[in-house]
Amino acid sequence: MVDDMALAPADAPVQADAPPTRGLVAQAIRDTLSGAGAKAGLVWICVVGFCAVFAPFLANSYPLAVKIGGHWSSPLLRHLTPVDVILLVMFFACVILALIRRLTFARKLAIGGIVLVVITPLAYLFVRPPSLDVFEEYRDLAKQGKIEAAIYAPIPYSANDRMRDQPEDRLSPPNRRHLLGTEDTGGDLLSRMIHACRIAMSIGFISTGIAVVIGIVVGGVMGYFVGAIDLFGMRLIEIFEAIPTLFLLIAIVAFFGRNLYIMMAIIGLTTWTGDARFIRGEFLRLRNQDFVHAAVAAGLPVRSVLFRHILPNGISPLIVSASFGIASAILYESTLSFLGLGLVDEPSWGQMLEQSLGVGGTFIWWIAFFPGLAIFLTVFAYNLIGESLRDALDPRLHGIE
Amino acid sequence: MTTYIIRRLLLFFPTLLGITIVVFAVMALSPGGVGASLLTREGGMDPRVRKEVEAYYNKRYGLDKPLPVQYLRWLNEVSPVGTKEAGTGFPQAWGFGFKMPDLGESLVRHRPVIDLMKESLPITLLLNFISIPLVYLIAIVTGITAAKHRGKIADVGLGSVLLAMWSVPQIWAGVLLIGFLGSNQYLKIFPVNGLHDVQSDGMTFLPHIIHGAFERGWLLDSLWHLVLPVFCLSYVSFAFLSKLQRSSMLENIGLDYVRTARSKGLGEKTVLYQHVFRNSLIPLITISASILPSLLSGAVIVESIFGINGMGKLIVDGALAHDRELVLSDALVIGGLGLISYLLADICYVIADPRVSYD
């Protein structure tokens with residue numbers, strides 16, 4: 001039995017006097033991150049990611065700790081949902097895994113996957129938040145003077161807190177209590193925007209992940225086998241490219257109902273064509289190279305030739321397109337939400353933006369400006385990163401230097 | 001070249017078939033399907049009446065037949081060749097032959113789909129045909145300017161602005177434009193609803209002055225209504241194309257033929273505009289195919305924001321109303337337009353670059 005990895009060109013023996021080489025992709029990522037634009041983009045995405053993970057601790061109507069009648073309790077922790085817990089556990093697992101240096105990337109990925117699979121059922125079994133949310137409960141208690149001491153979240157309003165006890169705060173412009181103002185229904189805009197980071201982050205990553213996987217499989221098979229499979233695959237790609245993604249998305253969401261997971265799946269299922277084209281081109285270029293012939297001659301299964309030998313050498317264009325893909329997925333989600341096809345109970349930037357053109361043609365500038373700015377900055381950040389990745393990976397530009 | 005075009009035209013059929021199958025499958029597999037969801041709309045109906053209505057719809061549109069039969073039935077209706085009633089179409093005596101394609105009748109609006117299309121398609125095409133030349137013209141000028149000053153502050157600044165512009169969501173731009181330039185609270189400069197003023201029917205065509213007062217006329221009124229939608233529709237493509245034009249110019253400037261042209265003593269202007277510029281247009285022509293589909297989906301957003309009754313609005317309304325016939329016809333028309341634009345781009349590509357050959 002031949003070891004799969006032994007034939008990969010990356011594993012070729014390195015001469016002792018040669019400088020240590022780094023992979024093309026690793027080098028490109030390093031080059032990218034040295035640019036100011038990509039750095040700024042990454043910082044913003046980290047901010048959004050942080051908000052997504054710690055949303056309940058940043059904006060919550062329930063105090064983190066409260067002292068009533070002489071003993072302390074934590075309503076905030078009691079009201080955490082299973083999703084909150086899973087996100088927190090996964091975040092800390094990723095941080096710990098990133099700090100351990102001895103494991104390979106594949107091992108880390110596997111351990112992360114195992115943690116996710118273990119924690120999900122546990123969280124849904126054991127985390128039982130109260131089914132009824134009375135957001136004004138602690139504000140009322142504070143007014144009655146029953147709270148002796150309390151620690152609140154930085155923004156003491158939950159995303160779905162409609163401020164029923166403070167009707168005078170509805171539709172108020174940015175002020176000291178509500179930093180970015182409030183919505184028509186009374187929700188605090190900043191709090192809703194922080195909670196909406198979750199949708200923005202997850203839709204980008206998951207839908208692009210689906211698109212990349214489909215693109216690699218379809219494009220790889222097309223580029224490697226050519227002939228009839230290639231012709232059929234190209235027709236398939238043409239079909240999907242001839243339907244504007246937004247049209248298909250609208251049709252499917254209108255018929256299947258509003259569901260974040262369906263939305264992610266559809267964005268992934270309709271945007272893979274560009275990735276497939278890239279991968280097909282790379283595979284067409286690489287399929288006749290010596291290391292591929294060697295792998296075939298060694299009797300390796302097709303799966304191994306395709307995905308362990310050719311793919312690592314042809315993956316670089318995909319990194320660029322994935323970065324732009326995340327940006328366009330976020331745009332699709334916000335557009336759908338704007339058109340009234342998004343989620344109803346969960347806040348999303350696009351859905352907030354839609355409310356800015358209120359009843360009777362009034363225009364509420366703070367609801368229009370801030371959520372739109374958040375969408376813009378996130379899309380801009382991914383585009384900046386994609387742009388500098390493309391520059392870093394472009395061999396023609398390296399020649400000029 | 002002719003063989004290539006014929007081959008491509010023949011490939012239209014399987015592709016259009018595929019598009020409509022995908023869309024039909026989506027609708028058929030959705031919970032509730034098409035027949036049932038139509039009826040839930042008219043709730044509060046007497047059960048007996050409901051049954052009658054259901055039977056009527058089933059008979060009329062074949063909604064109780066197996067799905068493949070339903071699809072084939074629709075396909076037979078829209079195709080110019082198929083079964084028909086004797087006495088119409090080409091071989092008049094036969095039950096099979098050439099006939100007028102029939103896009104069916106909207107299940108919700110109870111009007112022939114072809115009429116709805118005739119009303120809305122020209123509006124969307126008008127928006128696009130104003131946008132495309134405008135976008136190309138400005139993008140080429142900006143791209144050349146950036147390339148001429150490459151590496152300098154003008155180029156870097158323009159590059160960042162274009163990338164930012166490319167990232168601005170159309171929904172945000174539209175909402176801000178309406179809010180700040182079209183609402184009563186701020187500046188009310190532009191009209192924001194529809195393509196014509198309510199009184200535009202009574203206007204003269206050209207602007208003129210009656211009794212010392214300026215009358216803007218139908219043409220100017222329409223143009224006035226078009227400013228914001230066209231801007232909103234085109235700025236994304238503009239940013240994208242400018243960047244493309246810049247990089248294409250730069251790529252060409254580094255090539256050997258430019259050095260040759262310079263070394264034989266041609267002026268910088270001649271080199272730039274007669275040699276580099278012409279060659280740098282090739283990527284812009286290739287990309288023109290994907291511009292039309294992206295402008296069409298841009299139209300969905302722009303028409304929804306600005307209340308224009310074009311294809312985009314027809315699509316959203318049709319999908320929201322679960323209108324099977326309308327959605328299928330939309331898919332057919334949008335898909336067909338996309339395919340035609342891809343073919344046109346390929347032909348333009350050959351004309352622009354003699355090295356390219358498809359035979």
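**Exercise 1. Describe the hairpin formed by S1(A) and S2(A) and the residue with positive phi in its turn.**

Step 1. In this predicted model, S1(A) and S2(A) form a hairpin in which two residues separate the strands. Strands here are DSSP runs of E with at least two residues, helices are runs of H or I with at least four, and both are numbered from the N terminus.

Step 2. Within the turn, A:Gly69 has a positive phi of about 60°.

Step 3. Strand S1 (residues 65–68) of chain A pairs with S2(A) in the antiparallel sense over three bridges; strands count as paired if DSSP finds at least two bridges between them. A:Val66 has A:Ser73 in S2(A) as its bridge partner.

As to conventions, residues are numbered from 1 along each chain as its sequence is written, and chains are lettered from A and ligands numbered from 1 in the order in which they are written. Because the model is predicted, local features need pLDDT of at least 70 and side-chain atom pairs count only at pLDDT 80 or more, whereas totals for chains, interfaces and linings use all residues.

**Exercise 2. Extend the hairpin to the sheet and state the strand order.**

Step 1. S1(A) also pairs with S3(A), in the antiparallel sense over four bridges. The bridge partner of A:Ile68 in S3(A) is A:Ile147.

Step 2. The result is an open sheet of three strands in chain A, ordered S2-S1-S3 with antiparallel pairing. Strand S2 (71–73) and strand S3 (147–151) of chain A are the edge strands, each pairing on one side only.

Step 3. On average, neighbouring strands of the sheet are turned by 20° against each other, direction ignored; the axes are lines fitted to C-alpha atoms, for helices over the stretch in contact, and angles run from 0 to 180 degrees between N-to-C directions.

**Exercise 3. Determine which helix gives the most to the side of chain A that touches chain B.**

Step 1. The contact takes 37 residues from chain A and 40 residues from chain B, two residues being in contact if their C-beta atoms, placed from the backbone, lie within 7 Å.

Step 2. Several helices of chain A each supply at least two residues of this side, among them helix H14 (316–338) and helix H16 (365–393). H16(A) gives the most, with 10 residues.

Step 3. H16(A) has 29 residues and reaches 41 Å from its first C-alpha to its last, close to the 42 Å expected, that is, 1.5 Å times one less than its number of residues.

Step 4. Of these 29 residues, 22 are buried, so H16(A) is largely enclosed by the rest of the structure. A residue is buried if 20 or more other C-beta atoms, placed from the backbone, lie within 10 Å of its own.

**Exercise 4. Assess the confidence of the model by pLDDT, the predictor's confidence in each residue from 0 to 100.**

Step 1. Chain A has a mean pLDDT of 82, and 91% of its residues reach 70 or more. Chain B averages 80, with 88% of the residues scoring at least 70.

Step 2. Over residues 1–20 of chain A, pLDDT stays under 50. Where pLDDT is low, the predicted coordinates should not be read in detail.

Step 3. For the complex, the predictor gives an ipTM of 0.82 and a pTM of 0.84.

Note on methods. Buried ≥ 20, exposed ≤ 12 C-beta atoms within 10 Å, placed from the backbone.
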